[in-house]
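Q: I should like to learn how to read the features of a structural model, one at a time. Could we work through an example together?

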Amino acid sequence: MPATQRPVYLDLFKIKLPLPGVISFAHRVSGALMFLGIPFVLYLLDLSLSSPAGFVQARGIATSWWLVPAVVLITWSLCHHLLAGVRYLLMDLEIGIAKKPSFQSAAWVGASALVLAAILLLEIYL
């Protein structure tokens, strides 16, 4: 059996992914974050729909200073996962799979997810 030239140790911090690779990795991370956030979001939804007082209580929980990072992360995850999913559906239809369009759509997804999350968060916190 011939010896292979495969690396024995792969230092992941030295690998520079291209932007489409970063967006792909972020898509996976955002999916995991959304999955982990399901109990929290369902609790807030149930509380907010129970009564007007429950809505005020849910808003108070969502805007408490110690939960703001979680709400921001879940909101970004939802926006990024939605937009990246649309990008991958278009790529499945062979739209934007060349190098330049793929880079452009990845940049668009990254920027648009941040802008959309910011808009939604402004609606929550203002």
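**Reading surface, core and helix contacts**

A: Let us begin with the surface of this predicted model. Leu10, Leu12, Ile15, Leu17, Val22, Phe25 and Val29 make up a nonpolar surface patch, and their accessible area together is about 650 Å².

Q: Where does leucine 17 lie, and how accessible is leucine 17?

A: Leucine 17 belongs to the segment before helix 1. Its relative accessibility is 43%, and because buried means under 20% and exposed over 50%, leucine 17 counts as partly exposed. The C-alpha atoms of leucine 17 and serine 48 are separated by 41 Å, with their positions 31 residues apart along the chain.

Q: Which element holds valine 29, and is valine 29 buried, partly exposed or exposed?

A: Valine 29, another member of the patch, lies in helix 1. With a relative accessible area of 31%, valine 29 is partly exposed.

Q: What can be said of leucine 19 and its contacts?

A: The approach is to place the residue, then assess its accessibility, then list its partners. Leucine 19 lies in helix 1 and is partly exposed, at 27% relative accessibility. Apart from neighbours within four places in sequence, leucine 19 is in contact with Phe103, Ala106 and Ala107. Arginine 59, by contrast, is 40 residues from leucine 19 in sequence and 36 Å from it in space, C-alpha to C-alpha.

Q: How should one read the packing of helix 1 with helix 2?

A: One looks at the axes, then at the residues, then at their classes. The axes of helix 1 (residues 19-50) and helix 2 (residues 52-62) cross at roughly 150° and come within 6 Å. Helix 1 contributes Phe40, Tyr43, Leu44, Leu47, Ser48 and Ser50 to the contact, while helix 2 contributes Gly54, Phe55, Gln57, Ala58, Ile61 and Ala62. Sorted by class, the residues of this contact are eight nonpolar and four polar, with no charged ones.

Q: Is histidine 80 buried or exposed, and which residues is histidine 80 in contact with?

A: Histidine 80 is found in helix 3 (residues 68-92). Its relative accessibility is 1%, so histidine 80 counts as buried. Setting aside neighbours within four places in sequence, the contacts of histidine 80 are Ile23, Ala26, His27, Ser30, Val109 and Ala113.

Q: Where does alanine 113 lie, and which residues is alanine 113 in contact with?

A: Alanine 113 lies in helix 4 (residues 99-125). Its relative accessible area is 0%, so alanine 113 is buried. Beyond neighbours within four places in sequence, alanine 113 is in contact with Trp76, Cys79, His80 and Leu83. Sequence separation and spatial separation should be read side by side. Alanine 113 and threonine 75 are 38 residues apart in sequence and 9.4 Å apart in space, C-alpha to C-alpha.

Q: What is the value of phi at glutamate 94, and where does glutamate 94 lie?

A: For a backbone angle, one reads the sign together with the residue type. Phi of glutamate 94 is near 65°, which is a positive value in a residue other than glycine. Glutamate 94 is placed in the loop between helix 3 and helix 4. As its relative accessible area is 63%, glutamate 94 is exposed.

Conventions:
Residues are numbered from 1 along each chain as its sequence is written. This is a predicted model: local features need pLDDT of at least 70, side-chain atom pairs count only at pLDDT 80 or more; totals for chains, interfaces and linings use all residues. Side-chain values use heavy atoms; hydrogens and water are left out. Axes are lines fitted to C-alpha atoms, for helices over the stretch in contact, and angles run from 0 to 180 degrees between N-to-C directions. Helices (H or I, at least four residues) and strands (E, at least two) are DSSP runs, numbered from the N terminus. Contact means heavy atoms within 4.5 Å. Ala, Val, Leu, Ile, Met, Phe, Trp, Tyr, Cys and Pro count as nonpolar, Asp, Glu, Lys and Arg as charged, and the others, Gly among them, as polar. Patches are made of residues with over 30% relative accessible area and no salt bridge: like charges are joined within 9 Å, nonpolar side chains (Val, Leu, Ile, Met, Phe, Trp, Tyr) within 5 Å. Accessible areas come from the Shrake-Rupley method with a 1.4 Å probe; for residues, only the protein chains shown count as cover. A salt bridge is a side-chain nitrogen of Lys or Arg within 4 Å of a carboxyl oxygen of Asp or Glu. Buried means under 20% relative accessible area, exposed over 50%, partly exposed in between (1.4 Å probe, protein chains only).
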